[in-house]
Amino acid sequence: KEGVAGLYAGLLPSLVLTVHTAVQYAAYDELKNGISRLKRGRPLSTADRVGASVLSRALALVVSNPMTVLRTRLMQKDSPYRNLAHAMIATAREDGFSAFFRGTSAGLWKGVTAGIAMPCYDFVAEHTKKFFA
């Protein structure tokens, strides 16, 4: 019914959403650096790393959530939207600016539980360097 174009609905927003990961990793590194400066070079604790991870994930979520909303709307069966620009304009007009942040609170809770992922990566990376050095 939707043709070949229906197979690719939401592709552009999905590609743009790769920014989420870039924002998260960049923010995580900057937050760790800032905490390290505040601690005057003392080693970061696990709580420092988890806090930086949760905050960086929250920032990335807030930045990327509007595109997630648009992707979801474009991928709905029988979506009334012709393309990304149409979905953006229609959503803003019909549902208001706040519509772009629907689901953010649920995503933030998910981010809190995922806050250990990046500190675990740090731990493995540090110990791997020691092991192979």
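**Notes on the helices, salt bridges and nonpolar patch**

1. D29 and K32 sit about one helical turn from each other, because they are three residues apart in helix α3. Please keep in mind as you read that this is a predicted model. The general rule behind this spacing is that an α-helix has 3.6 residues a turn, so residues three or four places apart point the same way. The two side chains form a salt bridge, with 4.0 Å between the closest N and O atoms. D29 is partly exposed, at a relative accessible area of 40%, whereas K32 counts as buried at 14%.

2. What does this pair belong to? D29 and K32 are part of one network, in which salt bridges that share partners also join R49, D122 and E126. In the whole structure there are six salt bridges, and two others deserve a look below.

3. Now for helix α3 itself, which runs over residues 18-38. Its 21 residues reach 31 Å from the first C-alpha to the last, close to the 30 Å expected at 1.5 Å a residue. The buried residues are H20, Q24, A27, Y28, K32 and G34. Looking down the axis of α3, you will find these buried residues within an arc of 165°, so they line one face of the helix. That K32 is among them fits its relative accessibility of 14%, because buried means under 20%.

4. Which elements does the buried side of α3 pack against? The contacts are with α4 and with α7, residues 117-132. On the other side of α3, T18, E30 and R37 are exposed. A22, also found in this helix, is partly exposed with a relative accessible area of 48%. If you want a sense of scale, A22 and W109 lie 20 Å apart in space, C-alpha to C-alpha, and 87 residues apart in sequence.

5. Following α3 you meet R40, which has a positive phi, near 55°. K39 has a salt bridge of its own: its side chain meets that of D48 at 2.7 Å, N to O. Are these two partners buried or exposed? K39 counts as buried at 17% relative accessibility, and D48 is buried as well, with a relative accessible area of 18%.

6. A further salt bridge joins the side chains of D95 and R73, at 2.8 Å from N to O. D95 belongs to helix α5 (residues 84-95) and R73 to helix α4, so the pair ties together parts that are 22 residues apart in sequence. D95 is partly exposed, with a relative accessible area of 30%, while R73 is buried at 12%.

7. Helix α5 has twelve residues, and from its first C-alpha to its last it reaches 16 Å, close to the 16 Å expected at 1.5 Å a residue. L84, A87, A90 and T91 are its buried residues. They span an arc of only 135° around the axis, which puts them on the same side of α5. That buried set packs against α2 and α4.

8. Helix α6, residues 104-113, can be read in a similar manner. T104, G107 and G111 are its buried residues. Their arc around the axis is only 60°, which puts them on the same side of α6. Where does that side pack? The buried residues of α6 pack against α4. Turned away from them is a face with the exposed residues S105, A106, W109, K110 and T113, so W109, the partner in the distance from A22 given above, is on the exposed face of α6.

9. Finally, have a look at the surface, where L11, L12, L15, V16, V19, L59 and V63 form a nonpolar patch with about 580 Å² of accessible area together. The elements giving two or more residues to the patch are α2 (11-16) and α4 (46-75). Which of them provides the largest share? That is α2, with four residues. L59 lies in helix α4 and counts as partly exposed, at 42% relative accessibility.

Note on methods
Residues are numbered from 1 along each chain as its sequence is written. This is a predicted model: local features need pLDDT of at least 70, side-chain atom pairs count only at pLDDT 80 or more; totals for chains, interfaces and linings use all residues. Side-chain values use heavy atoms; hydrogens and water are left out. Patches are made of residues with over 30% relative accessible area and no salt bridge: like charges are joined within 9 Å, nonpolar side chains (Val, Leu, Ile, Met, Phe, Trp, Tyr) within 5 Å. Accessible areas come from the Shrake-Rupley method with a 1.4 Å probe; for residues, only the protein chains shown count as cover. Buried means under 20% relative accessible area, exposed over 50%, partly exposed in between (1.4 Å probe, protein chains only). The expected span of a helix is 1.5 Å times one less than its number of residues. The arc is that of the directions from the helix axis to the C-beta atoms. Contact means heavy atoms within 4.5 Å.
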